[in-house]
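Got a few minutes to go through a model together? Pull it up and we'll trade questions.

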Amino acid sequence: MTALMERLERHRWIWSALGVLLLWAVLSITTGRFSLHSLSGVAISASFLTLVALGQMLVVTTGRGNIDLSIASVLTLSAYASIVVAAGSDARLPLALAAVLGIGVVTGLANALLVVVLRIPAIIATLATGYILATATLIANRWAAGFSMSPFLKTLAAGRVEGVPLMLVIALVAVAVAGVVLGRTVYGRRLSAVGQNERAAALAGIRTGRVITCAFLASAVLAALTGMLLGAYVGGAFLEMGQPYLLQSLGAVVLGGSLIFGGASTALGTLCGSFLLILIVTTMQIAGLPPGTQDIVQGLVVIAVLALAGGRAVRRRRSVPRVARTPEGATP
């Protein structure tokens, strides 16, 4: 029994995967409408969420309660920028990509500057950055007179290969890359070390500032690219476009088994958490719940998972035996 619990603790993504299977089975039985075709629609929505959540996962892994609240504004502004710059032409797509990547890099560096150099809490720093980007989005909204999509970008966002959505393929590739980075690279080990104890990591010679900066950069860039693809998928952009991904990205990370206190995360779990959260939203939509109620339920789910994670952390600390201190001058 102990070995089983230890295995489940190492592979926390199993719980979210089981939740996906269970909820999918319940929906299939109760509605009679769920099939592979409907699963494809869920997979597309979960794929967009996964890309954003992977960046959020890296920020959360850095510890200290770090969360990126600017991703919603980054996503929305990037969607507008890609539409305005590309102007429906594949020839202008490289310029649009450069503009979107520029938004992501500048935002990521700004967030890192505020958090790492000025030591401002990440929640406050990224929230302030998000407000600034929201103002830029209002300006971009005036320039976007019409919505004309690049044909290649539209195909990439909404196309299929043998019935499999290309967005799902992109999301799976991103998950595989993130998994390799976390588990097989020096940066992944340093990221976990910083999240577990930033001071100890610094004393061990790890440049913690660079590690945290890379995490914020990755989060902003992934959000920017997602905005570009999402704009092509829906055929336009609107001011509240990225807002749902603010809570959902954090929810996917937490449901996937990443530790909200930092130091341990799982890319596969983030994918499963994204699918589970989208299925929860789909269930509420089928039940006819209003959007406000859906947000409340999602918030309650995240709070419940955070409470359970916090309880496990407290029990772990209590279970660690305390080492008796030897009085000064005494021989141990």
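What follows is a chat between a student and a tutor about this predicted model.

Student: Okay, salt bridges to begin with. How many does a search of the whole structure find?
Tutor: To count, a side-chain nitrogen of Lys or Arg has to sit within 4 Å of a carboxyl oxygen of Asp or Glu. Glu198 and Arg64 make one such pair, with their closest N and O atoms 3.5 Å apart. Glu198 and Arg119 make another, at 3.8 Å from N to O. The search of the whole structure finds 2.

Student: Which residues are linked in a network of salt bridges?
Tutor: Follow Glu198, since it appears in the bridge with Arg64 and also in the bridge with Arg119. The network is made up of Arg64, Arg119 and Glu198.

Student: How many residues apart along the chain are Glu198 and Arg64?
Tutor: Glu198 forms a salt bridge with Arg64. That pair links distant parts of the chain, with Glu198 in helix α10 and Arg64 in the loop between α3 and α4. The separation is 134 residues.

Student: And the bridge to Arg119, where does that residue sit?
Tutor: The side chains of Glu198 and Arg119 meet in a salt bridge. This pair also links distant parts of the chain, 79 residues apart. Glu198 is in helix α10, and Arg119 is in the loop between α5 and α6.

Student: Is Glu198 buried or exposed?
Tutor: The cut-off for buried is under 20% relative accessible area. Glu198 has 16% relative accessibility, so it counts as buried. For its partners, Arg64 comes out partly exposed at 40%, and Arg119 is partly exposed at 48%. Your answer for Glu198 is buried.

Student: What is odd about the backbone of Arg64?
Tutor: Most residues other than glycine have a negative phi. Arg64, in the loop between α3 and α4, is not a glycine, yet its phi is positive. The value is about 60°.

Student: Where is Glu162, with its positive phi near 55°?
Tutor: Glu162 is a residue other than glycine with a positive phi. It is exposed, because its relative accessible area is 80% and the exposed class begins over 50%. Its place is the loop between β1 and β2.

Student: On to helices. Why does α4 count as largely enclosed by the rest of the structure?
Tutor: Helix α4 covers residues 71–86, and at 1.5 Å a residue its 16 residues should span 22 Å, which agrees with the 22 Å between its end C-alpha atoms. Just after α4, Ala87 takes a positive phi of about 55°. As for the enclosure, it follows from the burial count: 14 of the 16 residues are buried.

Student: How many of the 12 residues of α12 are buried?
Tutor: The end C-alpha atoms of α12 (residues 244–255) are 16 Å apart, and that agrees with the span expected for its 12 residues. Among its buried residues are Tyr245, Gln248 and Leu250. After α12 comes Gly257, whose phi is positive, near 105°. α12 is largely enclosed by the rest of the structure, because the number buried is 9.

Student: Which helix gives the most to the nonpolar patch?
Tutor: The patch on the surface is formed by Val164, Val169, Val173 and Val177, with about 300 Å² of accessible area together. Val173 has its place in α8, while buried residues of that helix include Leu168, Ala171 and Val175. With 3 residues in the patch, the one you want is helix α8.

Student: How far does α8 reach from its first C-alpha to its last?
Tutor: α8 has 19 residues. At 1.5 Å a residue, 27 Å is expected, and the model comes close to that. The reach is 26 Å.

Student: Which residues form the positive surface patch?
Tutor: Arginines make up this one. One of them, Arg189, lies in helix α9. The full set is Arg189, Arg190, Arg207 and Arg210.

Student: Last one: how far from Gly195 is Val60, C-alpha to C-alpha?
Tutor: Val60 is found in helix α3 and is buried, with a relative accessible area of 1%. Val60 and Gly195 are 135 residues apart along the chain. Their C-alpha atoms are separated by 8.2 Å.

Technical notes
Residues are numbered from 1 along each chain as its sequence is written. This is a predicted model: local features need pLDDT of at least 70, side-chain atom pairs count only at pLDDT 80 or more; totals for chains, interfaces and linings use all residues. Side-chain values use heavy atoms; hydrogens and water are left out. Patches are made of residues with over 30% relative accessible area and no salt bridge: like charges are joined within 9 Å, nonpolar side chains (Val, Leu, Ile, Met, Phe, Trp, Tyr) within 5 Å. Accessible areas come from the Shrake-Rupley method with a 1.4 Å probe; for residues, only the protein chains shown count as cover. Lys and Arg count as positive and Asp and Glu as negative; His and the chain ends are not counted. The place of a charge is taken as NZ of Lys, CZ of Arg, CG of Asp or CD of Glu. Helices (H or I, at least four residues) and strands (E, at least two) are DSSP runs, numbered from the N terminus. The expected span of a helix is 1.5 Å times one less than its number of residues. Buried means under 20% relative accessible area, exposed over 50%, partly exposed in between (1.4 Å probe, protein chains only).
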